[in-house]
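Visitor: Please take me closely through one part of this model, and then follow its connections outward step by step. I would like a single connected account rather than a list.

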Amino acid sequence: MRRKLRMGMVGGGEGAFIGAVHRMAANLDGQIDLVCGAFSHDPDCSLRSGQALYLPAERCYQSYQQMMQQEAALPEDVRMDFVVIVTPNHLHFPVAVEAIKYGFHVLSDKPATLNVEEVLELRSLIVDSGLLYGITQTYTGYPMVKEARARVQSGELGNIRKVVVEYTQGWLAAQQAEADNKQAAWRLDPKQAGISSCMADIGVHAFNLVEYISGLTAAALCADIGNVVAGRSMDDDGAVFLKFDQGARGTLLASQVAIGEENTLSIRLYGDKASLSWSHQDPNTLVIKYNDKPSLVLRTGGAVGSMANANTRLPAGHPEGYIEAFANLYRNFASQIQSRLLGETLSAQALDVPGIDEAVRGMVFIEQVVTAGNSETKWHVIPQH
């Protein structure tokens, strides 16, 4: 018998942005209830945050360690089914390890860990445990991103020759942005963010989108990254050239100091038959272009493929936005858990969630970009772990 799944949350308390987004997305399909959380490293803040979400005090925990231990001790029909990790980067790995230790499935914000060594260890733990793991590479949840992937897989573009992807923001352009903004502060703190700010925060989304849509594997990169704003130790801007396993080349631009830009993510793929383009600013639209006939403009809710339709929620003409894309990841991940509970075969839609393999690729990308950016060597091989 199907039932609502029970979710626990680590992070996402008072003043946090992404925790609220996760809660809205998890709630959108009515399949998931938030039942507990360790919302802050400050016990009082965790309690206030949880009670503001109408949780009982006894399930607003003082630490994630306490949460895992006490939830695991609850009856099977009460305790959480999975945990979502929405903390700064440095906690993603230890929280996931603790959850796996106590037998809970994990859905985590990216990057999965602070380094490649940790993400490989995490993959081993997940494989050995048999538990489910998902990572919120959110932009793969958009219907027209899925349509773009399907069009490439069908051969409509032919052999991919060139990829151009850009993710620019302007929110860290100010000299004192980190002093005035909690979200900026931890992203520019190496102790919490890790070895990268810009590339770990948004560059990795662009990289994931390239490999997801194109089906190609990046084999080598050349990077120029740095801190545009004086006084920072973390990168806030950068550019990466990519070489792919089948000979295609790519350009990836990421910046947090591009004044006037919001979350300006766009991607273009050029094949030997056609090209396609998608923009986060107009997510309902996918454009395919040719040299010998008129361009094709595809719209969400129109004549698109099964995977795009399966992740479309509204009639044509209604914007499919960020919350809906996030919710698609939650719904599909929830379907994986439900299939486990009911002994059902997983559908293609349920399987379409970024997992530990994508987490490994993301961490390898971040580490290699930083290495390349600090090196005089032009090309750096991207390890295929």
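Guide: The part to begin with is Asn 89, which has its place in the loop between β3 and α4; the model is a predicted one, and what follows should be read in that light. Asn 89 is buried, its relative accessible area being 6%, where the cut-off for that word is under 20%. Leaving aside residues up to four places away in sequence, Asn 89 touches Lys 110, Pro 111 and Leu 114, and also Trp 186, Gln 192 and Ala 193.

Going back from this loop, we come to strand β3, residues 82-86. Five of its five residues are buried, so β3 is largely enclosed by the rest of the structure. In a regular strand the side chains alternate between the two faces of the sheet. Both faces of β3 are covered, with Phe 82, Val 84 and Val 86 buried on one side and Val 83 and Ile 85 buried on the other.

The neighbours of β3 within its sheet can be followed through Val 83. Strand β1, residues 5-11, runs parallel to β3 and is joined to it by five bridges, and in this pairing Gly 8 has Val 83 as its bridge partner. Strand β4, residues 105-108, also pairs with β3 in the parallel sense, over four bridges, and here Val 83 stands opposite Val 106. These pairings belong to an open sheet of five strands, in the order β2-β1-β3-β4-β5, with parallel pairing. Its edge strands are β2 (32-38) and β5, each of which pairs on one side only, and the twist from one strand to the next averages 25°.

From this sheet we can turn to helix α5, which spans residues 116-129 and has 14 residues. From its first C-alpha to its last, α5 reaches 20 Å, close to the 20 Å expected at 1.5 Å a residue. Its buried residues are Val 116, Glu 118, Val 119, Leu 122 and Ile 126. They cover an arc of only 155° around the axis, which puts them on the same side of α5. The face turned away from that buried side carries the exposed residues Glu 117, Val 127 and Asp 128. At the start of α5, the backbone nitrogen of Glu 117 has a side-chain oxygen of Asn 115 within 3.2 Å, and just after the helix Gly 130 takes a positive phi of about 75°.

The buried residues of α5 pack against α4 (92-101), β5 (133-135) and α14. Through β5, this leads to Thr 138, which lies in the loop between β5 and α6 (143-153). Thr 138 counts as buried, at 2% relative accessibility; residues up to four places away in sequence aside, Thr 138 touches His 205, Tyr 322, Ala 325, Phe 326 and Leu 329.

The contact of α5 with α14 opens the way to a second sheet. Nine strands form this open sheet, in the order β13-β12-β11-β10-β6-β9-β8-β7-β14, and its pairing is mixed. At its edges stand β13 (296-299) and β14 (380-381), each with a single partner strand, so one side of each is left without a neighbour in the sheet. Helix α14, residues 356-373, packs on this sheet and touches β7 (218-226), β8 (237-244), β9 (249-255) and β14, its direction making about 55° with that of β7.

Of the strands that α14 touches, β9 rewards a further look. Five of its seven residues are buried, so β9 is largely enclosed by the rest of the structure. Strand β6, residues 160-168, runs parallel to β9 and is joined to it by seven bridges, with Ala 254 as the bridge partner of Tyr 167. By contrast, β8 and β9 pair in the antiparallel sense, over seven bridges, and Lys 243 stands opposite Arg 249. The hairpin of β8 and β9 has four residues between the strands, and in it Gly 247 takes a positive phi near 100°. Elsewhere in the sheet, β10 (residues 264-271) and β11 (residues 275-279) run antiparallel and are joined by five bridges, Tyr 270 having Ser 275 as its bridge partner.

Technical notes
Residues numbered from 1 in each chain as written. Predicted model: local features only at pLDDT ≥ 70, side-chain atom pairs only at ≥ 80, totals over all residues. Heavy atoms only, no water. Pairing = 2+ DSSP bridges. Helix = DSSP H or I, 4+ residues; strand = E, 2+ residues; numbered from the N terminus. Contact = heavy atoms within 4.5 Å. Axes fitted to C-alpha atoms, helices over the stretch in contact; angles between N-to-C directions. Expected span 1.5 Å × (residues − 1). Buried < 20%, exposed > 50% of the residue type's maximum accessible area, 1.4 Å probe, protein only. Arc of directions from axis to C-beta. Polar contact = N/O pair within 3.5 Å; in protein donor to acceptor, adjacent residues only side chain to side chain.
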